[in-house]
Amino acid sequence: MIQVTRHIKKIYKGILWRFLRVDKLLVFSSSLYSSKEFPVYSFKFIRICKPNDAYSLQQLECAMQSMGEPAGLVESRLKNGDEVFGWLDGDRIVCFGWVTYRKRALGLVRFQDKHGRVFLYNFHTSEDYRGRGLYPALLIKIRQVLGCDLGAEFIIDVNSKNLKSIRGIEKAGFAPVAQLFFLVLFNCWRWSFRIKTIDHSSRDLFQI
């Protein structure tokens with residue numbers, strides 16, 4: 001009887017999760033670029049900032065669609081001023097992430113634009129290349145490239161359940177500064193209902 005009750009509760013929770021749940025996102029920050037590097041032998045670093053290289057765009061579209069993203073995002077993001085950084089193995093993009101310098105939003109939560117503030121998002125490593133340190137190495141490389149020019153503060157967000165990504169972010173020298181809580185309805189509509197700052201210096205991160 002106890003096992004049946006537990007099974008019913010598990011089914012109920014599974015059904016309820018599809019209709020209503022609370023998601024928590026962690027926001028990490030790094031103020032300075034790191035001088036350390038993780039060795040990524042045989043991989044080539046790439047930076048794409050203009051939608052005028054048809055071959056690179058095709059490669060990136062394939063990489064984006066492999067992670068379940070809809071077609072057409074690459075060109076629109078590049079035209080908006082976003083950039084993409086990544087690692088190449090031969091002619092294949094095996095790890096990449098996006099950078100934007102303004103108007104970063106998570107649902108109804110909007111980050112505050114600020115000179116020198118850089119937002120990192122939408123990172124992905126191909127499944128057969130995971131476990132090689134490509135993700136933290138890419139985060140460090142981006143900070144090295146942009147830190148000397150225009151970036152003094154790098155912001156990245158991640159779902160609290162994505163423990164592997166969190167470990168990679170922490171390895172790259174980022175520290176948690178805030179937590180965002182969202183009420184998710186029908187697995188698609190998201191409302192923010194709480195922002196908890198961990199570091200007081202992050203109070204100007206959000207548009208209240």
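Which residues does Gln-59 touch, not counting residues up to four places away in sequence? The answer is Leu-88, Asp-91, Arg-92 and Ile-93. Gln-59 itself sits in helix H2, which covers residues 54-66. With a relative accessible area of 14%, Gln-59 counts as buried, because the cut-off for that word is under 20%. The model discussed here is a predicted one.

The chain as a whole comes next. Its secondary structure comes to five helices and 10 strands. The chain has 208 residues, and buried residues make up 42% of them. Contacts between residues at least 6 apart in sequence can be sorted by their separation along the chain: 70% of them join residues at least 24 apart.

Salt bridges are another kind of link. Side chains of opposite charge can pair when their charged atoms come close. The structure holds seven salt bridges, and three of the pairs are described here.

One pair lies within a single helix. Glu-75 and Lys-79 form a salt bridge, with 3.2 Å between the closest N and O atoms. Both residues belong to helix H3, residues 73-79, and they are four residues apart, about one turn of the helix. An α-helix has 3.6 residues a turn, so residues three or four places apart point the same way. Glu-75 has 39% relative accessibility and is therefore partly exposed. Lys-79 counts as exposed because its relative accessibility is 60%, and the word applies to values over 50%.

A second pair is Arg-104 and Asp-157, whose closest N and O atoms are 3.1 Å apart in their salt bridge. This pair links distant parts of the chain, 53 residues apart: Arg-104 is in the loop between strand E4 (92-100) and strand E5 (105-106), while Asp-157 is in strand E8, residues 153-159. Arg-104 and Asp-157 are both buried.

A third pair is Asp-204 and Arg-117, which form a salt bridge with the closest N and O atoms 3.2 Å apart. Asp-204 lies in the segment after strand E10 (189-197) and Arg-117 lies in strand E7 (residues 117-125), so the salt bridge ties together parts of the chain that are 87 residues apart in sequence. Is Arg-117 buried or exposed? Its relative accessibility is 2%, so Arg-117 counts as buried. Asp-204 has a relative accessible area of 32% and is therefore partly exposed. Through salt bridges that share partners, Asp-204 and Arg-117 are joined with Lys-114 and Glu-153 into one network.

Empty space can be examined too. Rolling a probe the size of a water molecule over the atoms shows where empty space is left. The largest pocket has a volume of about 860 Å³. How many residues line the largest pocket? There are 29 of them, and Thr-125, Tyr-135, Asn-162, Lys-164 and Ser-165 lie nearest the centre of the pocket. Two or more residues of the lining come from each of strand E7, helix H4 (134-147), strand E8 and helix H5 (163-171). By residue type, the lining divides into 12 nonpolar, nine polar and eight charged residues.

Helix H5 can be looked at by itself. Ser-165, Ile-166, Gly-168 and Ile-169 are buried in H5. Seen down the helix axis, the buried residues of H5 fall within an arc of 160°, so they line one face of the helix. These buried residues pack against strand E1 (20-30), H4 and E8. After H5 comes Gly-173, which has a positive phi near 95°.

The last topic is the backbone angle phi. Most residues other than glycine have a negative phi, and most peptide bonds are trans. Lys-103 is not a glycine, yet it has a positive phi of about 55°. Lys-103 is placed in the loop between E4 and E5. The relative accessible area of Lys-103 is 62%, so Lys-103 is exposed. Asn-122 is likewise not a glycine and has a positive phi of about 55°. Its place is in strand E7. Asn-122 is buried because its relative accessible area is 17%, which is under the 20% cut-off.

Technical notes
Residues are numbered from 1 along each chain as its sequence is written. This is a predicted model: local features need pLDDT of at least 70, side-chain atom pairs count only at pLDDT 80 or more; totals for chains, interfaces and linings use all residues. Side-chain values use heavy atoms; hydrogens and water are left out. A salt bridge is a side-chain nitrogen of Lys or Arg within 4 Å of a carboxyl oxygen of Asp or Glu. Buried means under 20% relative accessible area, exposed over 50%, partly exposed in between (1.4 Å probe, protein chains only). On a 1 Å grid over the protein atoms alone, a cavity is a set of points where a 1.4 Å probe fits but cannot get out, and a pocket is an open set with protein on both sides within 12 Å along at least five of seven lines; lining residues have an atom within 4 Å of a point. Grid points are joined across faces, edges and corners, and a volume is the space filled by probe spheres set on the points. Ala, Val, Leu, Ile, Met, Phe, Trp, Tyr, Cys and Pro count as nonpolar, Asp, Glu, Lys and Arg as charged, and the others, Gly among them, as polar. The arc is that of the directions from the helix axis to the C-beta atoms. Contact means heavy atoms within 4.5 Å.
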